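Subject: Structure handover

Hello,

Here is the structure I said I would pass on. My notes on what turned up in it follow below.

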Amino acid sequence: MISKTALARVIALTLTLLLLLPPITAGALTQDDFLSAVEAAFAARDAQGNAIVSGADIAPGSLDANGRLVVDAAAISLPANILRGTLTLKDLTFTGPLSLENGRYALQNVQVQAADGAGITFTVTEGADASLTLNGDSAVTGGSAGIRVTVTSNTSLTIHTGKTSTVVGGERGIFVDYSGIGSVRLRTNGTVEGANAILVKIRPGSLGDAEITVCADSRVMGDIAASHEGEGGIFIEIGESAAAIGTDVGLGAVHYGTGDIALMIGEGSAVSGMGAGIGIEHQGAGDVYVSTGAASTVTGIGGPGMFAGLPADAALSLYLDGEITGGTAGEPGATPAMVIGVIAPDDAYTLADLLAWAKASGIAPEEGKAVLEAWQGKELLFRYPAGE
């Protein structure tokens, strides 16, 4: 039987050892402890390959006021995810950037704060598909970019941000740099901010479509732009009652390869740019389609509401039910609503040639789609709606 004196000594020694341990702050976790939790989640994944790392499971009762467990580390790099199943991170706050590699990820009520570089860097080098989903009150902030994704494999990519999520970057909100064979689908349903809020670049030799969807009632602060140098289309859709406010061009698409461009603006939505509201340039092979819904507005603050440059053999289809306005800063309407340019090798392209092309494209003045205001070189300047 242990004596009272011996027991007191054991208790005193235990208390001394506890005092020597690093303090555990409620709602805080070290990098090593977090990575250990990730490894444990990988080991316990279900039959479909799904795994969950939840702050509430790691440290019950230690969540902060926002329901998150803080991971206090300068930077976190997760081990490469398997190529099936989804790794879900839930109820966590990262005080530094987060790096992901391959596979599928879902963030539920997760906050990432990076003063420099990208908040989340997602690198894809293999696998049939890859995805990143932000759900709940997830918020990602980066000094240069909120989310940066680089794909160098034949992998289809999907990015989805939820209705109450926020992605903010100093230069780019969401940036996708794609080289490979597969589609890029980006769907935002919350708030995205950055000088280039959404930017998708499809590199030469790539095969597949680039699709950007801004869902109804969403808000994008900064340019929305896509460029394609391979084979595939560019499709950008702005949902009903959404807002896109560009620092240069509100909505832009540039194609150097083979494929169509389609821009669709939903009913009641507003698209504006400090330069042009919509900017389109097709230097490859393909047609262009633009539609605007009822009660929608497209505004160029310092230029035309819409500019489109495309080959002479391309078809331009316009279905315009909303308002398109061009202007210089402080003087709305001072420049044409639409400037349509024909990219042709012959610098002596005549007005008759332009009008013939316009008629073939369905925008000839006599069809009531737009009023020819003037022409400059190889550009037709239209004012829309007719009669205004």
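A search of the whole structure, which is a predicted model, finds three salt bridges.

One of them joins aspartate 129 to arginine 104, with 2.7 Å between the closest N and O atoms. Aspartate 129 belongs to strand S9 and arginine 104 to strand S7 (residues 104–113), so the pair ties together parts that are 25 residues apart in sequence. Both ends have some access to the outside: aspartate 129 is partly exposed, at a relative accessible area of 31%, and arginine 104 is partly exposed at 23%.

Another salt bridge is made by the side chains of aspartate 177 and arginine 203, at 2.8 Å from N to O. Aspartate 177 sits in strand S14 (residues 172–178), while arginine 203 is in the loop between strand S17 (196–202) and strand S18 (210–214), so parts 26 residues apart in sequence are tied together by this pair. Aspartate 177 is buried, because its relative accessible area is 12% and the cut-off for buried is under 20%. Its partner, arginine 203, counts as partly exposed at 28% relative accessibility.

Arginine 185 and glutamate 211 also meet in a salt bridge through their side chains, at 3.6 Å from N to O. Here arginine 185 lies in strand S15 (residues 184–188) and glutamate 211 in strand S18, so the pair again links parts that are 26 residues apart in sequence. Arginine 185 is partly exposed, with a relative accessibility of 40%, and glutamate 211 is partly exposed at 25%.

Now the chain as a whole. It has four helices and 36 strands. Of its 388 residues, 49% count as buried. Among contacts with a separation of 6 or more, 68% are between residues 24 or more positions apart. The accessible surface comes to about 16,700 Å², and carbon and sulfur atoms hold 55% of that.

Next, the interior. The largest nonpolar core has 80 residues, and those touching the most other members are Phe34, Leu78, Leu89, Phe94 and Ile224. Helix H2 (residues 31–43) supplies the largest share of this core, five residues. Leucine 78 can serve as an example: leaving out residues up to four places away in sequence, leucine 78 touches Phe34, Leu35, Val38, Leu87, Leu89, Leu98, Ser99, Leu100 and Tyr105.

Two hydroxyl-bearing residues are also worth listing. Threonine 93 is in strand S5 (residues 86–94) and is buried, with a relative accessible area of 5%. Beyond four places in sequence, threonine 93 touches Asp64, Arg68, Leu69, Val70, Val71, Gln111 and Gln113. Serine 131 is in strand S9 (residues 129–135) and counts as buried at 13% relative accessibility. Apart from neighbours within four places in sequence, serine 131 is in contact with Gly103, Arg104, Tyr105, Phe122 and Thr158. Arg104 in that list is the arginine of the salt bridge with aspartate 129.

On backbone angles, most residues other than glycine have a negative phi. Serine 241 has a positive phi, near 60°. Serine 241 is in the loop between strand S21 (234–238) and strand S22 (243–246) and is partly exposed, with a relative accessible area of 42%. Alanine 295 likewise has a positive phi, near 65°. Alanine 295 is in the loop between strand S27 (288–292) and strand S28 (297–300). Alanine 295 is exposed, because its relative accessible area is 63% and the cut-off for exposed is over 50%.

Last, confidence. The chain averages a pLDDT of 82, and 78% of the residues score at least 70. Over residues 6–27 the pLDDT is below 50, and this stretch has five contacts in the model beyond near neighbours in sequence. Residues 383–388 also stay under 50, with 19 contacts beyond four places in sequence. Where pLDDT is low, the predicted coordinates should not be read in detail.

Regards

Key
Residues are numbered from 1 along each chain as its sequence is written. Side-chain values use heavy atoms; hydrogens and water are left out. Helices (H or I, at least four residues) and strands (E, at least two) are DSSP runs, numbered from the N terminus. Buried means under 20% relative accessible area, exposed over 50%, partly exposed in between (1.4 Å probe, protein chains only). Contact means heavy atoms within 4.5 Å. Accessible areas come from the Shrake-Rupley method with a 1.4 Å probe; for residues, only the protein chains shown count as cover. A nonpolar core is a set of buried Ala, Val, Leu, Ile, Met, Phe, Trp, Tyr and Cys residues joined through side-chain atoms within 4.5 Å. A salt bridge is a side-chain nitrogen of Lys or Arg within 4 Å of a carboxyl oxygen of Asp or Glu. pLDDT is the predictor's confidence in each residue, from 0 to 100.
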